[in-house]
Structure formats: structure tokens, C-alpha cells
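The following exercises ask the student to read a protein fold step by step. Please study the sequence and the structure before attempting each one.

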Amino acid sequence: MLFSELPLANPLQRAVRAVGYETPTPIQERSIPSLLEGRDLLGIAQTGTGKTAAFALPILQRLLDSGKFRAPKTCRALILLPTRELAIQVEECFKQYAQFTAISTACIFGGVNDASQKRNLVRGVDVLVATPGRLLDLIGQKAVSLKALEFFVLDEADRMLDMGFIHDIRKVVALLPQVRQNLFFSATMPDDITKLAATILRPDPVRVEVAPQSTPIERIRQELYRIDKRRKGALLKELLLAHPEMKKVLVFSRTKHGADKITRVLEKAGVKCAAIHGNKSQNRRQEALGNFKSEKIRVLVATDIAARGIDVDDVSHVFNYDLPDVPETFVHRIGRTARAGKDGIAISFCSPDEEQD
Ligand code: AMP
């Protein structure tokens, strides 16, 4: 199937061509037609599968079709998701796909001053991408209302529950109009997520489950160093100094404090690096990410939550400075390398207290 065969309006077809997509990914092929018919959707998929376009394109099409117009301080579609990085990225996708339409977008998230976010909402927006805390905050301030909402997307539901957003999600859902189209995405479906989905989706939603778009795990060379915890910083430094081919290196740390410590060790050794985690301001995080993408810095140290959803090409090496607790996180981390057909190397540091049978 080609995008041109999907019943999407010309401005959307043009945008898809402009971003260089030709064939829909499996989740897009299986979701878009049903979403265009107005069905609810339960999508079991993670970042990297093309899920953003799978929900953004049909929502944009239906916004164009519905003949309604945004009213002041309201939104017509709400995308609720866990982190600022993901919010920025998802809004960016909507902007790209809507570039030849008059559809407006806005993005709101915590950790930054809310003045410009409020200004963007004054005249109302078609698509609002938001993290839950700041959304509820701005609703409380009467800067935005959900009463005119037509489309609701909950993205990365499992991650949101992990991050303790369940009460905020319930509060938001209680504010939504009864009649609406719902899309619910989660990488995994444990019981609590299934229950949550049932409270949001109308009965009999379309269910689409896709495996992560072949993160070619076979192409990732994995190395393991068994090492004392206190020696990890020195080993990382030694490896980076000895191997100039480690050009674009992502280091995962379990804690924010750990991430800062690692950058201090590397900076002292003259390795250009930066850390991204929840205690860094939004601007600092975006700057670090930009510098990493453009290779002004060689090493980006990240916590799992901060790194979630970040899309960086050509990562040559991923270091698991600390081992994550769950296998999914491990796969997600090392999947940041060996993208787009390239090879990649994942190096894990394992201290005796991290070893399990
Ligand atoms: P996502 O899972 O939405 O984060 O998308 C992962 C990446 O795939 C993004 O960089 C998208 O721009 C890209 N992408 C999404 N759909 C397609 C497509 N049909 N063809 C090529 N690339 C795509």
C-alpha cells in the first residue's frame, strides 16, 4: 500500500511527501482507515513504529472534515503524554503534517514558565499536546477548557502509569465531553492498563498490535563488563579516550545524580558531554540534545525517563552505565543504536550487586 492510496486530503498528502514517507508502516496501514471512519483505537506499540503519524494523520483529516472551528481557550484534539521531550516531538510531527493546512497546534508541559503557553491558548487551538500536570494547572487557571474536545489520544499509557500519572489522567478524562473519538496507545498491556483503557475507549475499539519496528537486535554487538560500581566512571573514561571511533555515545544512568556525576568525570577528562534529566531546565535539555544531534558534544548522558521518545540518528554506542530493572528498558535503550540499517554497539557495566540469576 502507498500513502497516496489512503483517503487523505491533498494538503496532508503533500505534507507526507514533503517529509519523505511513501509507504505506511504496519501500524499506520492498520490504524488509519479505521480511525478515518471514526472508530476508537487501542494501539499496542512503542515509539519507532510510526505511531505518531498513525494517529496524527487521521485526526488532522477528521479535523479538516468536521466543519467546526476552534473556539477561544479550547482545543479540538488533545494528545496527553508523559514527558516534555515527547510532547515537543509529537507537536513537531503535527506541525509538519499540518503545514499545508490552517490547523493550529500548541504544546504545554511543566518545568517552564506558563505565560507563553497561556498566550498560545487564548484564541483556542485545534491540536493541543500536553503533559497532565501542566494541563490540569492551566485548566484550573481557566486558560483552557476541554468542553469542545472532539478527539482524545492517550499516548504511552504504561509509561504514564509508571510515572504516577493515574490520578491526573482520571481527572482529565472526567473533564472530557461524552461524545468523542478516543485513541489509546501503550507499549505493554498489563492489567491496570487494560482496565484504564476500558474506562476511556468506547466498546469494541479497533485493536492494533505491532512489534517494535524491527530494531535489528542482531545487528547490535553487545559487550558486558563485570566491574565494581566505584570503577565504572574510570572505565567509561578509559574506553572513550582509547576509542575515538566511539563518536556519538549515549550513556544511560539510572539516577539524575548519577548522570551528573558521570558528566563531571568525563568533562574533567576533556570529553565533550552533557546530561539530560528531569532536574535540567527545558532549555538546557533541548540545547544538550541539539548539540548531541549535531555532534558538538560526543556523549549524552541520560536517565531513562528523559531519554524516552528521543529520536537521534547514528548513535554509535550505547552504554548501560547502570543496568535497568526491566528487560523492556534494556531493549529500548540499546535500540537507540543500530538504527536505519546501521550497526551499533551496546556496552553494559554490571557490578556484583546488579547480577541476578
Ligand atoms: P514514531 O514511532 O511515531 O516516533 O516514528 C518513528 C520515526 O519514523 C519518525 O522519525 C518518523 O518520522 C518516521 N516515520 C513514521 N512513519 C513513516 C513512514 N511511513 N515512512 C518512513 N518513516 C516514517
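## Exercise 1: Strand pairing

Strands β3 (residues 105–108) and β4 (residues 125–130) pair in the parallel sense over four bridges. Pairing requires that DSSP finds at least two bridges between two strands; strands (E, at least two residues) and helices (H or I, at least four) are DSSP runs, numbered from the N terminus. The model is predicted: local features need pLDDT of at least 70, side-chain atom pairs count only at pLDDT 80 or more, and totals for chains, interfaces and linings use all residues. Residues are numbered from 1 along each chain as its sequence is written, and side-chain values use heavy atoms, with hydrogens and water left out.

Task: Determine which residue of β4 stands opposite Cys107, and describe the side chains of β3.

Solution.
1. Cys107 stands opposite Val129 in β4.
2. Thr105 and Cys107 point one way from β3, while Ala106 and Ile108 point the other way.
3. All four of these β3 residues are buried (under 20% relative accessible area; exposed means over 50%, and partly exposed lies in between, with a 1.4 Å probe and protein chains only).

## Exercise 2: The face of a helix

Task: Identify the buried residues of helix α10 (residues 232–242) and state how they are arranged.

Solution.
1. Lys232, Gly233, Leu235, Leu236, Leu239 and Leu240 are the buried residues of α10.
2. Seen down the axis of α10, these buried residues fall within an arc of 165°, so they line one face of the helix; the arc is that of the directions from the helix axis to the C-beta atoms.
3. An α-helix has 3.6 residues a turn, so residues three or four places apart point the same way.
4. Leu241 and Ala242, on the other side of α10, are exposed.
5. The cover over the buried residues includes β8 (220–226), β9 (249–252) and α11 (256–268).

## Exercise 3: The nonpolar cores

Task: Describe the largest nonpolar core and the contacts of Leu60.

Solution.
1. A nonpolar core is a set of buried Ala, Val, Leu, Ile, Met, Phe, Trp, Tyr and Cys residues joined through side-chain atoms within 4.5 Å.
2. The largest has 41 residues, and Leu60 is one of those with the most contacts inside it.
3. Helix α3 (residues 51–65) supplies the largest share of this core, eight residues.
4. Leaving aside residues up to four places away in sequence, Leu60 touches Leu12, Phe94, Tyr97, Ala98, Ile103 and Val127 (contact means heavy atoms within 4.5 Å).
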